[in-house]
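Here are some notes to read alongside the model, for someone opening it for the first time. Have the 3D view ready and go through the points in order.

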Amino acid sequence: MAFLRQLSKNGIAEEGLLERLLLDTKEIVLGRDSKNQVVIDSKLYGMVSRRHAAIRRDRGMRNSKSVSWVIEDLNSANGTYLNGQKLQGWERLKEGDRIALGQNGPEFVIEELNNKPNYPASLPTVSSNLEKDSLSLTQLFPIISTGRQLGQKAYLYPAIFTIVCVVLMFMTIGDAQAFNFLTAVYISVAAYYFIYQLCGKHKPWWVLLGSGFFTVIILSSPILNLFILIFRDILPGNILIEPDEVGFLNLLVRMFFGAGLMEELLKALPVFAALFLGRLLPYRWRQKIGVIEPLDAILLATASAVGFTLLETLGQYVPIVVHNASIQAGENVAQLQGLQLLIPRVLGMVCGHMAYSGYFGYFIGLSALRGRNSFLILGIGYLTSAFIHALWNAAGVLSVVMLVIVGALSYAFLAAAILKARAISPTREKNFATRLK
């Protein structure tokens, strides 16, 4: 028999470190799934898969007096490491071996049962809390032992951002424009943070913020007029019509050129700029600023979509609604209607502009990763994202149910692209997202 003991990480005393006997006839599965024999806390270790690795008795050595167990990786997202080396297939274990679930995941050590005289062999499991009746200072004041983990594992920074926004919102009550701006910024950051966590790759915040500002600058420059001239005047993309005056197919074609092709290319300009700029920089800076894989491009493209949506909503749609409503119903009703429009438009980014842009971003990153077929890859991504965009704009003519279907389809396309980007990422072992199983 052997004994599996979890090690504390980074010198921080963690509550509930796992300890378990390895029985002769029982397989031990480690992972986040509650059905496993060793369940890993997903809040502490998000990089661990649901069924990450398994430890079982080596049947070829059943009669041996030494520890005779093998460990096998169960196709985990971030790999299993034995004594610092990534596990390929299975390996035999011996006393003192260290097992890590992912490079920065929980670590375990194999010990002989003879070194644990206080634990009888008849017990299938051993309590992870060795001193149930003792009371420590860190139990009374948990921030002493977990303070350094708050930023990484407890969403401290999103909580601080929320608190700041809440305080500022209280301060701007009565100032409709400032309140609407803060509301839009908070919702857009929350929506983007969701996509960022789903992507699971670190990217400097100033790079992502720069992508959004880049798009805002483009929309405020003569470049926008050039795009309008090409896609809405020269090409059949005139969208300044009443939807009821034309049929669905006619509207779809107009939206494909005037909204899909035009806006998706416009929002992709920061991504292309990062792609070409990165090629001029050393590899270290190319990883931070440039585009070397689909995850990079998705993050930059969705950040660009945030800038596009905020400017379009706060600078165009809300002012128009407020102006028209103030003439008919007064200023107070107008501001309420403006806020009612702002919230769903900004919140809908996840299945709207972020979905189209992120999907196209996947293909931009894929072209950087698979350069031989870059033109084919970019063409498919551009046309597909533009079509989904146009389909959303035109679906309202048919029914509200179609809007729901197209919105769900848009998010499904983005989510599928993110999952595929995570699977083929060359930095997969360093990324923090977990694979869904």
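1. Let's begin with β5, which is mostly covered: 4 of its 5 residues are buried. Keep in mind that this is a predicted model, so everything below is computed from predicted coordinates.

2. What does β5 pair with? One partner is β3: residues 28-31 (β3) and residues 53-57 (β5) run antiparallel to each other, with 3 bridges between them. If you want to find the register by eye, look for Ile28, whose bridge partner in β5 is Ile55. Leu30 is another handy marker, standing opposite Ala53 in β5.

3. β5 also pairs with β6, again antiparallel, through 5 bridges. Here Ala54 is the residue to click on, since Glu72 of β6 stands opposite Ala54. Ile71 is in β6 too, and with a relative accessible area of 1% Ile71 is buried, the cut-off being under 20%. Ile71 and Ile55 are 16 residues apart along the chain, yet their C-alpha atoms are separated by 4.5 Å.

4. Now zoom out to the whole sheet. It is an open one of 5 strands, ordered β4-β3-β5-β6-β9, with mixed pairing. Which strands sit at the edges? Those are β4 (38-39) and β9 (90-93), each of which pairs on one side only. As a reminder, strands of a sheet pair through backbone hydrogen bonds, either parallel or antiparallel.

5. Two asparagines deserve a look at their backbone. Most residues other than glycine have a negative phi. Asn75, though not a glycine, has a positive phi of about 55°. You'll find Asn75 in the loop between β6 (69-73) and β7 (80-82), and at 60% relative accessibility Asn75 counts as exposed. Asn83 also has a positive phi of about 55° without being a glycine. Asn83 is in the loop between β7 and β8 (85-86), and Asn83 is partly exposed, with a relative accessible area of 41%.

6. Next, the aromatic residues. A pair of aromatic rings is described by the distance of the centres and the angle of the planes. The model has 10 aromatic pairs. Take Phe256 and Phe257: their ring centres are 5.4 Å apart and their planes are at 85°, over the 60 degrees needed, so the pair is edge-to-face. Phe256 counts as buried, because its relative accessibility of 18% is under 20%.

7. Tyr362 and Phe363 make another edge-to-face pair, at 5.2 Å centre to centre and 85° between the planes. Are these two buried or exposed? Tyr362 counts as buried at 10% relative accessibility, and Phe363 counts as buried, also at 10%. Both belong to one aromatic cluster, made up of Tyr359, Tyr362, Phe363 and Phe413.

8. Rings also turn up beneath charges. The charged end of Lys288 sits over the ring of Trp285, 4.9 Å from the ring centre. For Arg345, the ring is that of Tyr317: the charged end sits over it, 4.1 Å from its centre. Keep Arg345 and Tyr317 in view for the next point.

9. The second largest pocket has a volume of about 1,100 Å³. Which residues are closest to its centre? Of the 38 lining residues, they are Glu263, Glu312, Tyr317, Arg345 and Asn393. That list includes Arg345 and Tyr317, the charge-over-ring partners from the previous point.

10. What supplies the lining of this second largest pocket? At least two residues each come from α7 (223-234), α8 (248-278), α10 (294-329), α11 (331-347), α12 (353-369) and α13 (374-395). The largest share, 9 residues, comes from α10. Sorted by class, the lining has 25 nonpolar, 9 polar and 4 charged residues.

Methods: Residues are numbered from 1 along each chain as its sequence is written. This is a predicted model: local features need pLDDT of at least 70, side-chain atom pairs count only at pLDDT 80 or more; totals for chains, interfaces and linings use all residues. Side-chain values use heavy atoms; hydrogens and water are left out. On a 1 Å grid over the protein atoms alone, a cavity is a set of points where a 1.4 Å probe fits but cannot get out, and a pocket is an open set with protein on both sides within 12 Å along at least five of seven lines; lining residues have an atom within 4 Å of a point. Grid points are joined across faces, edges and corners, and a volume is the space filled by probe spheres set on the points. Ala, Val, Leu, Ile, Met, Phe, Trp, Tyr, Cys and Pro count as nonpolar, Asp, Glu, Lys and Arg as charged, and the others, Gly among them, as polar. Rings of Phe, Tyr and Trp (its six-membered ring) pair if their centres lie within 6.5 Å; planes under 30 degrees apart count as stacked, over 60 as edge-to-face and the rest as tilted. Buried means under 20% relative accessible area, exposed over 50%, partly exposed in between (1.4 Å probe, protein chains only). A charge sits over a ring if NZ of Lys or CZ of Arg is within 6 Å of the ring centre and within 35 degrees of the ring normal. Two strands pair if DSSP finds at least two bridges between them.
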